[in-house]
Amino acid sequence: MTAMSGQVWVSLISLGGVVLGGSLSYLVQHRTQLSAERAEQQRQKIAVSEARRGERLALLERFIEVGAEAERSALSRPSEWEENDDWFLTTRDAMYRLWVAERLIRIQFPLPVHHAARAYFLDLNRTVWEGLPDDESVRDYLEDNRLAFLDAARAVMG
């Protein structure tokens, strides 16, 4: 009986070792899997963040480019113009593209950036269509809001 009792103990200890080893192996694999999932989620988050940053940079470039085109139109604004003049047609297209870009900035950026873009757009729109008094410079009139927009965009983009 003692031999049998010794065999039972050996079997129980062996079974306990298998259960303990299996449990430890499961815990290590589970932890490794959780760690890998967290790393993958972090990689995906970074990829989405970089893609969004790229979209924002492209939108800023578009807004600045069309804004510069509209500023050139304001600088070359004739004192008299009609709706079929080349200046009007070119300017209308530029102002429409600037309006669209300004709306997209509202979607893609925090409100302070949009507010700065909107103020610049409104000043530029007024300057293009209504003109400025003879003693006022287009560049000087637009400078404050243009710089405020660029500073707000830079703060958000880091």
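1. Start with the contact between helices H2 and H3 in this predicted model. On the H2 side you will find Trp87, Phe88, Thr91, Arg92, Met95, Leu98, Trp99, Glu102, Arg103, Ile105 and Arg106, and they meet Leu111, Val113, His114, Ala117, Arg118, Phe121, Leu124, Asn125, Val128 and Trp129 of H3. Sorted by class, this contact holds 13 nonpolar, three polar and five charged residues.

2. Now for the geometry of that pair. H2 covers residues 86–108, and its axis runs 9 Å from that of H3, at an angle of about 165°. Angles over 145 degrees count as roughly antiparallel, so H2 is roughly antiparallel to H3. Their crossing is left-handed.

3. H3 also has a partner further along the chain. H3 (residues 111–130) packs against H4 (residues 138–157) with an angle of about 160° and 8 Å between the axes. These two helices are therefore roughly antiparallel as well, and H3 passes H4 in a left-handed crossing.

4. It is worth picking out the residues of this second contact. From H3 come Pro112, Val113, Ala116, Ala117, Ala119, Tyr120, Asp123, Leu124, Arg126 and Thr127; from H4 come Val138, Tyr141, Leu142, Asn145, Arg146, Ala148, Phe149, Ala152, Ala153 and Val156. The contact of H3 with H4 is made up of 15 nonpolar, two polar and three charged residues. If you compare the two lists, Val113, Ala117 and Leu124 of H3 appear in the contact with H2 and again in the contact with H4.

5. Next, the aromatic rings. Searching the whole structure turns up eight aromatic pairs. One of them joins tryptophan 81 and tryptophan 129: the ring centres are 5.6 Å apart and the planes meet at 55°, so this pair is tilted. Because tryptophan 81 sits in the loop between H1 and H2 while tryptophan 129 belongs to helix H3, the pair ties together parts that are 48 residues apart in sequence.

6. Tryptophan 129 has another ring partner, tryptophan 87. Here the centres are 5.8 Å apart and the planes are at 80°, so the pair is edge-to-face. This pair, too, links distant parts of the chain, with tryptophan 87 in helix H2 and tryptophan 129 in helix H3, 42 residues apart. Together, Trp81, Trp87, Phe88 and Trp129 form one aromatic cluster.

7. How buried or exposed are the three tryptophans? Tryptophan 87 has a relative accessible area of 12%, so it is buried. Tryptophan 81, at 26%, is partly exposed, and tryptophan 129 is partly exposed at 22%.

8. The loop between H1 and H2 is also home to serine 79. Serine 79 is exposed, with a relative accessible area of 68%. Its C-alpha lies 9.7 Å from that of glutamate 130, although the two residues are 51 apart in sequence.

9. Finally, a look at helix H1, which spans residues 2–75 and includes leucine 20. Where the cut-off for exposed is over 50%, leucine 20 counts as exposed, because its relative accessible area is 52%. How far apart in space are leucine 20 and leucine 147? They are separated by 67 Å, C-alpha to C-alpha, and by 127 residues in sequence.

Technical notes:
Residues are numbered from 1 along each chain as its sequence is written. This is a predicted model: local features need pLDDT of at least 70, side-chain atom pairs count only at pLDDT 80 or more; totals for chains, interfaces and linings use all residues. Side-chain values use heavy atoms; hydrogens and water are left out. Axes are lines fitted to C-alpha atoms, for helices over the stretch in contact, and angles run from 0 to 180 degrees between N-to-C directions. Helices (H or I, at least four residues) and strands (E, at least two) are DSSP runs, numbered from the N terminus. Angles under 35 degrees count as roughly parallel, over 145 as roughly antiparallel, 65 to 115 as roughly perpendicular and the rest as oblique. A crossing is left-handed if the near helix is turned anticlockwise from the far one by less than a right angle, and right-handed if clockwise. Contact means heavy atoms within 4.5 Å. Ala, Val, Leu, Ile, Met, Phe, Trp, Tyr, Cys and Pro count as nonpolar, Asp, Glu, Lys and Arg as charged, and the others, Gly among them, as polar. Buried means under 20% relative accessible area, exposed over 50%, partly exposed in between (1.4 Å probe, protein chains only). Rings of Phe, Tyr and Trp (its six-membered ring) pair if their centres lie within 6.5 Å; planes under 30 degrees apart count as stacked, over 60 as edge-to-face and the rest as tilted.
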